[in-house]
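Student: I would like to practise reading a model from its numbers. Where shall we begin?

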Amino acid sequence: MSGRTFGILSPFVGGDYYGAIIEGINAAAVAGGDRVMAVQTLDPGAHSADRSGLPEFHRPVAWRHLSGLAMLPGAVGSEYAEAARRAGLPVVLVAAEKSGEGMSVVAADNRSGVRDAVAHLIEHGHERIAFAGYMVHFDLRERLAGYCAGLAEHDLSPMVFDTGDNHESGGVAVADALIRAGMPVTAIVLGTDRNAIGLIERLAAAGYDLPKDLAVVGFDDIADAAYLRPALSSVRQPLDALGAAVYDLMSEPPQKRQVATLFERRESCGCASDGLPLSEANTRKLFGQVQYLQDTLNVQYELGIALLGEQGGDPAHLDWLDRTTARAGCLGLWHPDEPEKLETVGTFQCPGVGGRVIPVDEFPPAELFALADGPGGDIVFTVPVRSRKRDWGMLAAVGRIQSTTPPGREMMNHSGSLLAKALDYRVVEERLRTAAMHDHLTGLPNRLLLEDRLTQAGLRAAREPGYRFAVLLMDLDGFKAVNDSLGHAAGDQLLVQVARRLTALLRRTDTVARLGGDEFVVLIDDVAGPGGDSVVRAGIEAAVVEPYTIDGHVVEVGLSIGSAVSGDGSADPDLLLREADAAMYREKSASRRR
C-alpha cells in the first residue's frame with residue numbers, strides 16, 4: 001500500500017468504545033487506499049481511563065510517518081493537539097467540547113438520542129425519570145443536556161446522579177443510592193451501557209423486578225446489550241459512521257460534524273421482547289466472539305508465563321510475541337545519551353530493523369507499516385513500556401483491532417505492562433546478582449566471584465600451555481591500630497581507599513577482591529613467566545603504604561604480600577591460594593622479627 005498513514009491517539013487502543021472507533025476509522029482509511037496506526041497514551045496496565053485521568057503523554061510518536069492525527073476523548077491535552085497542528089499535521093478531535101484553531105471536531109449527536117429515549121419513557125407513563133453519568137466528559141454532559149431538554153418539554157423535574165466512572169462499578173454505586181433512597185424514580189437513563197449493566201445486575205441481585213420496578217436505558221448499544229435479561233434499551237452511536245467522518249475530515253478544511261444517534265427499544269424500557277436476535281449468521285458470529293475471547297484469555301496466560309515465568313531469556317528480544325496474535329513487532333528503548341531517540345533492541349518477524357537508533361517521531365520503523373498492509377485488516381499499534389520505576393520505551397506491533405473487549409483488556413495494554421515489569425525484574429535480578437558477588441563496603445568482588453574467576457583462569461591455563469596467572473594475597477599491617485584509635489568508621493574508610501588504589505593500579509582483565517577484614521586478593525591475568533608478577537607487586541606495595549587522610553587524620557599502614565604463579569608446579573587455584581597465603585605469613589613473620 002502506498003497511501004497515507006493517519007495516527008489515532010487513544011487512552012487504550014482496543015475495547016468496545018475506543019477499539020470500535022479505531023475500527024471505523026481504519027475501515028474508511030483502507031477503503032480510501034490509506035492506513036492507520038493507533039497509539040496508546042495511558043501507561044500500560046491501566047484498567048480505567050476515567051480513574052487514570054489525562055495521560056502525561058507529550059512525545060511526537062511517528063509524526064514523520066503521518067499525514068494527520070485523530071485524538072480520541074481523554075487521550076492527550078490540548079497542548080499536544082496544538083503542537084501537532086503547528087507541525088503541519090491535520091488534527092481531528094473526537095467528542096471534544098470545542099476545537100482549537102485550525103482543527104476539526106467529530107461528535108455523536110448525544111442530545112437527540114437521549115431526548116428520544118426520555119420521550120419514549122414518558123410514552124410508557126413514567127414521570128419520575130433520573131439520569132446517571134460521569135459528567136467529567138463532554139459527551140456525558142451533552143447526554144445530560146439531552147435528558148434535561150426531554151424533561152423540560154413535558155414540565156418534568158430532573159434527578160441526576162454521578163456514577164464516578166463509565167464502567168459497571170459506577171452503575172452499582174447508583175443502584176445502591178437508589179435503594180437507600182427507597183427507589184424515588186420509576187425510570188433511569190444511564191450515561192453508558194456499562195453503567196447500565198452494573199445497575200441492572202445490582203438491582204436484580206437485590207430482588208428488584210426490571211423493568212417493572214425500574215425501567216432502564218443505556219447509551220452506546222454495545223454488543224452485550226441485546227443479550228442481557230432484560231435486553232437493554234440503548235442509544236446507539238454508530239461508531240463506524242463516526243470513524244468514517246474522522247477519516248473524511250483529515251482531507252477537508254477544519255469544521256465540526258455531528259453523527260446522528262438512534263434509540264434502540266428493547267425490554268429494559270418496558271417494550272415487549274422480540275426474542276433473542278438469533279439466526280445462523282448471528283449464531284456463527286457469537287460463536288466466533290466466544291472463540292476470540294478464549295483466545296484472548298489464552299494469550300494473556302501465555303504472556304504471563306513467557307514474561308514473568310522462570311524460563312529465562314531476555315524479554316527485550318520479543319520472542320514471546322510468538323505466543324500472541326501479533327504478526328510482527330519492534331521494541332525501542334530510550335537511548336541513554338539521546339533522550340528523544342529510541343534504540344530498536346528487539347524485533348519479531350521484522351528483519352532488518354534491529355539495532356537502529358531513531359528519533360521518536362520516526363518510531364516505529366517504516367518496515368512495520370508495510371507488514372500491516374494486506375487484506376487481513378491488521379494495523380500498527382504502539383504502546384508505552386513504562387512502570388512505576390522506569391520509562392523504558394515504546395512497543396510497536398502489527399495485529400488485529402480488538403473491538404469487543406472492555407477497554408484496557410486488549411493485548412497491547414497487557415503486553416506493555418508485563419514487558420515493563422519483566423524488564424524491571426531483570427534489573428532487580430542483576431542488582432541482586434551483583435550484590436551477591438561483591439563486597440558491600442568496597443564494591444570489590446567477594447570470595448564467591450573471585451573463586452569463579454580463579455576457576456576460569458585455571459581452566460585457561462590447562463588449555464593454553466603458555467598462559468600464566470598470578471595470585472597475590474595481602475593484608476594490612478597496623479589496621480587494628482587504626483580501628484582501635486580512630487574507630488571502626490575510620491577503618492572502613494581506610495579499606496575503601498585501599499580498594500580504590502588497588503583498582504587504579506590494575507588492568508581491566510585483572511581482579512582485586514576483598515576476602516574480609518583487611519585481607520585482599522589480586523588475580524593477575526596473563527603474566528610473563530616466572531617472576532612476572534614482581535612489577536605489579538612492587539607497584540601495589542608502593543601505593544598502599546602511601547599515607548591516607550581520614551577525617552583530618554594522617555594514617556599510615558604497612559602491607560604483607562604473598563604470591564604464587566601458575567606454571568611453577570601447578571595451575572590449581574586452591575593450591576596457588578594456599579601457596580600465596582603461606583608466603584604472606586612468612587613475610588609477615590620476617591617483618592615482625594625485623
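Student: What should helix α11 span at 1.5 Å a residue, and how far apart are its end C-alpha atoms?

Tutor: Note that this is a predicted model. Take the rise per residue and compare the expected span with the ends. Helix α11 covers residues 411-437, which is 27 residues, so 39 Å is expected. Its end C-alpha atoms lie 38 Å apart, which agrees.

Student: Which residues of α11 are buried?

Tutor: Start with the general idea. An α-helix has 3.6 residues a turn, so residues three or four places apart point the same way. Now the case here. The buried residues of α11 are Met411, Met412, Asn413, Ser415, Gly416, Ser417, Leu418, Leu419, Ala420, Ala422, Leu423 and Asp424.

Student: Step back to the whole chain. How many helices and strands are there?

Tutor: The chain has 16 helices and 23 strands. For overall form, set the radius of gyration against the globule rule. The rule gives 25 Å for 594 residues, while the chain has 35 Å, well over that value, so the chain is more spread out than a compact globule. Its C-alpha trace spans about 115 × 60 × 50 Å along the principal axes.

Student: What share of the residues is buried?

Tutor: Of the 594 residues in the chain, 52% are buried. The accessible surface comes to about 26700 Å², and carbon and sulfur atoms hold 50% of that.

Student: What share of the contacts joins residues 24 or more positions apart?

Tutor: Count contacts with a separation of 6 or more. Residues 24 or more positions apart account for 67% of them in this chain.

Student: How far apart are the mean positions of the positive and negative charges?

Tutor: They are 3 Å apart, for 57 positive and 80 negative charges.

Student: Now single residues. Is threonine 41 buried or exposed?

Tutor: Compare the relative accessible area with the cut-off. Buried means under 20%. Threonine 41 has 1%, so it is buried. It sits in the loop between β2 (35-40) and α2 (49-52).

Student: Which residues does threonine 41 contact, beyond its neighbours within four places in sequence?

Tutor: They are Leu9, Ser10, Pro11, Pro55, Phe57, Ala75 and Val76. Leucine 9 is 32 residues away in sequence, yet the C-alpha to C-alpha distance is 6.6 Å.

Student: Where is serine 566 found?

Tutor: Serine 566 is in the loop between β23 (558-565) and α16 (573-593). With a relative accessible area of 1%, serine 566 is buried. Outside its neighbours within four places in sequence, serine 566 contacts Tyr467, Arg468, Phe469, Ala571 and Leu576.

Note on methods: Residues are numbered from 1 along each chain as its sequence is written. This is a predicted model: local features need pLDDT of at least 70, side-chain atom pairs count only at pLDDT 80 or more; totals for chains, interfaces and linings use all residues. Side-chain values use heavy atoms; hydrogens and water are left out. Helices (H or I, at least four residues) and strands (E, at least two) are DSSP runs, numbered from the N terminus. The radius of gyration is taken over C-alpha atoms; the globule rule is 2.2 Å times the number of residues to the power 0.38. Buried means under 20% relative accessible area, exposed over 50%, partly exposed in between (1.4 Å probe, protein chains only). Contact means heavy atoms within 4.5 Å. Accessible areas come from the Shrake-Rupley method with a 1.4 Å probe; for residues, only the protein chains shown count as cover. Lys and Arg count as positive and Asp and Glu as negative; His and the chain ends are not counted. The place of a charge is taken as NZ of Lys, CZ of Arg, CG of Asp or CD of Glu. The expected span of a helix is 1.5 Å times one less than its number of residues.
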